[in-house]
Amino acid sequence: MLCKLLIQTSQRYCGQAIIIETSMDWCIISLLLLTLGQHGFCQQEEVCSKSVINSCDDCIKSGPYCAWCEQLNFTKAGEQESVRCDTKAKLIERGCKTEEMISPKNQQIILQSDPLSQSSDSEEPVQMSPQKIHLKLRPGLPHSFKITFKRAEGYPVDLYYLMDLSYSMKDDLENVKGLGKTLFDTLNKITKKAQIGFGAFVDKTVLPYTNTNKEKLEKPCDENYQQCQAAFGYRHVLSMTSSERQFREEVAKQYISGNLDSPEGSLDAMMQAAVCGDQIGWRNSSTRLIVLATDAGFHMAGDGKLAGILEPNDEHCHIKNNLYVKSSEMDYPSVGQLAIQLEKNNVQPIFAVTENVKNVYDNLSKMIPKSEVGVLSSDSKNVVQLIENAYQKLSSKVTVTHDVLPDNVRVEYRPECDHPRQEGPNKGVCDQVHERQEIHFNVTVTADTCMEEKSFTISPLGIKDKLTVTITTDCTCECNNPAGSNLAHCNNRGSIDCGVCSCNDGFTGQFCGCDVTTKDAEALRASCKKDNGTECEGRGDCVCGRCQCHKTEQGNFYYGDYCDCDDEHCEKFNNKLCAGNGNCKCGKCECFKGYSGSACQCKVSDEGCRTTNGTVCFGRGTCVCNLCECREGYQRPNCQKCLGCPDPCQTKLKCIECLFPDPDKLGKDCKDVCQETISHSVVETFTLQGKECNQKDSQGCWIKFKLEQLTGIDSYLAEILNTKDCPEPPNVIAIILGSVAAVAVIGILLLMLIKLLIHMKDLKEFKKFENEKKKSKWANAENPLFQNPTTTVANPLFTGE
């Protein structure tokens with residue numbers, strides 16, 4: 001019990017509902033949290049965030065913890081009157097008396113607080129108190145008050161059974177017809193003032209939801225099913241009655257109907273049942289329940305477009321002759337519209353659905369406050385037990401919330417009961433609340449700005465009781481001003497308003513001591529401008545030729561002859577002004593001892609720059625902010641390596657060659673070549689870990705050496721092998737003979753090549769001649785000028801014998 005009491009105390013002081021198990025271990029933890037809360041864990045530091053403060057009214061509007069000091073002579077010479085505005089603690093530090101401070105407090109007036117009813121015997125049982133309250137709030141200052149709630153014993157119940165009469169529910173209808181007595185007996189266990197109504201629904205009687213053939217409209221069921229009523233959207237069958245006989249007779253008259261698609265018009269029916277209170281017969285003081293029994297999903301806003309129905313649901317009652325007459329003219333309501341009307345009319349739905357659509361209605365229940373989902377058996381035989389269980393859950397859970405809040409008003413709830421639940425800051429929830437059990441809700445209201453009188457209501461969901469909260473804000477100061485218009489405090493040139501001189505025309509200044517009628521106003525203003533710029537840099541007022549500086553956003557003053565300095569806008573490091581290691585003075589950081597840098601972010605130390613050999617950055621950089629700033633080419637963190645520098649094997653070759661021991665050049669001086677940048681030793685084997693070089697000297701010999709860079713830019717330690725690798729000189733005779741032989745061979749090859757080319761050309765020409773010869777054609781004829789040179793002479797004496 002002690003632990004529980006302390007937990008409740010911690011809840012009250014910290015402003016948060018902490019739900020802790022009742023075991024001893026959790027008890028110890030809660031006590032520890034309470035101790036932390038009392039020493040700063042839950043405390044809120046009072047801060048006065050000022051901007052432009054010209055009066056007491058401006059001060060109290062600027063923050064809930066700002067107070068105004070109206071004490072005379074509180075401000076010093078040259079100070080702005082805005083220094084009068086600060087937290088009470090800071091004003092006391094500056095010497096202001098508590099009785100001279102003006103800081104309005106929240107005020108509460110309970111206008112109506114009727115006592116809670118023990119039972120529901122009266123016509124209007126009261127379950128929540130108070131009923132009316134008026135709050136006068138200071139902007140930004142939270143105000144808390146307590147609401148008390150007690151469940152009245154035997155509170156009346158109005159149950160409206162809304163049944164899906166599509167063809168798939170024919171077996172369920174037969175069972176419901178015989179449940180009248182059982183249902184009434186169950187409700188009478190809960191309360192002696194129970195009433196039951198009945199309604200039915202199918203879907204809109206237009207395509208594509210219902211077959212619009214005339215015969216099908218008259219009888220939409222299966223042809224073999226004789227007891228079938230015409231298609232309809234929603235029909236109100238029986239208004240609230242306490243007569244079991246009347247309920248049984250009216251339900252017995254109902255027959256099944258039908259439609260085409262699977263989803264039904266259940267949202268249409270629920271909307272009409274919620275808003276048509278006179279037709280349904282809801283009582284003013286009762287728990288209103290709608291039991292929706294169905295085995296199918298539902299149509300919602302937008303589905304009506306399939307039938308060409310474009311008019312949105314208007315959330316009004318349209319029942320004539322017990323039928324919903326706008327079913328074919330208005331779209332289905334949205335879930336949001338239905339939730340608003342159910343809450344507005346204090347109706348709590350119970351969804352009695354089959355297993356196949358339970359997930360659909362679970363999601364719907366999450367969007368509709370104070371609703372429950374139960375699983376129907378295939379023939380609805382368990383509907384009475386389902387209703388009883390759902391009612392117990394709904395009635396034992398008390399949820400307090402508000403309607404639409406005025407602009408810039410916030411409301412938070414903290415339940416004080418055995419089983420509090422957190423469902424967001426906009427509602428308070430207590431579960432497992434029994435009849436005649438008294439519970440409380442701590443309500444915190446905050447008005448963020450000044451406003452005219454506004455009001456809103458707070459009520460438990462599903463219950464008629466309401467609390468009307470009226471809000472006004474206190475945004476003006478009620479100061480104890482001395483009478484008179486020309487007071488000595490103001491040099492007989494003005495009156496006093498909340499401790500500040502209000503000067504007569506022609507006078508200004510803290511005590512009205514500046515007569516502006518005898519001075520050139522332009523010259524006075526010019527003396528308040530820096531380099532002919534803005535008057536007082538826009539951070540102060542020019543009073544009699546001198547700047548009186550305003551306060552900064554953090555409550556400090558601008559300063560300087562032209563209000564050009566402040567101590568809040570210096571360079572930051574790690575989101576801290578001057579890294580927390582210095583003071584900001586006129587925009588520049590003045591570092592504490594041991595720190596440096598433009599934002600005092602650097603320790604005056606070179607520990608982070610120290611190398612393995614004890615040097616700072618190997619002598620190749622400077623230590624800035626405990627980090628090495630390396631010379632060009634050298635790499636952080638310690639400037640040990642230079643990736644972009646010339647290869648020392650190349651740059652130091654001449655020096656190494658000079659330093660190599662040569663018996664022909666004893667006593668040679670290498671200072672000019674090496675410039676004292678290398679310390680060397682001649683060795684037989686290397687011992688250094690540095691870079692190994694293998695370079696050719698001016699004589700063509702290979703010199704091997706190792707270099708290790710010492711501290712500094714151009715300082716090396718070298719190890720030089722005592723032997724060179726010099727190649728043997730070339731054989732001149734062999735080179736000459738080889739050259740002559742090569743020239744001869746090349747000459748012979750060239751002659752042979754030329755001969756080959758000539759031969760190939762002649763061959764080509766011969767072939768061309770032969771081809772042309774073959775192509776020529778000669779005519780056979782004798783030349784008339786031709787004379788045969790042969791003369792034949794015959795011997796006349798020759799006889800041939």
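**Internal cavities and a three-stranded sheet**

The largest cavity holds about 190 Å³ of space. The model in which this cavity occurs is predicted. Across the whole structure, a search finds five cavities of 30 Å³ or more.

The lining of the largest cavity comprises 21 residues. Those that lie nearest the centre of this cavity are Gln127, Arg151, Thr287, Ser395 and Ile463. Divided by class, the lining has ten nonpolar residues, together with seven polar and four charged ones. Two secondary-structure elements, helix α13 (383-396) and strand β16 (398-402), each supply at least two residues of this lining. Of the elements, α13 gives the most, with three residues.

A separate description applies to the strands β1, β2 and β3. These three strands form an open sheet, in which the order is β2-β1-β3 and the pairing is antiparallel. The edges of the sheet are occupied by β2 (85-86) and β3 (101-102), each of which pairs on one side only. Strand β1 spans residues 67-69 and pairs with β2 in the antiparallel sense over two bridges. Within this pairing, Ala67 has Asp86 of β2 as its bridge partner.

In summary, the predicted model contains five cavities of 30 Å³ or more, and the largest of them has about 190 Å³ of space and a lining of 21 residues. The open sheet of three strands has the order β2-β1-β3, with β2 and β3 as its edge strands.

How values were computed: Residues are numbered from 1 along each chain as its sequence is written. This is a predicted model: local features need pLDDT of at least 70, side-chain atom pairs count only at pLDDT 80 or more; totals for chains, interfaces and linings use all residues. Side-chain values use heavy atoms; hydrogens and water are left out. On a 1 Å grid over the protein atoms alone, a cavity is a set of points where a 1.4 Å probe fits but cannot get out, and a pocket is an open set with protein on both sides within 12 Å along at least five of seven lines; lining residues have an atom within 4 Å of a point. Grid points are joined across faces, edges and corners, and a volume is the space filled by probe spheres set on the points. Helices (H or I, at least four residues) and strands (E, at least two) are DSSP runs, numbered from the N terminus. Ala, Val, Leu, Ile, Met, Phe, Trp, Tyr, Cys and Pro count as nonpolar, Asp, Glu, Lys and Arg as charged, and the others, Gly among them, as polar. Two strands pair if DSSP finds at least two bridges between them.
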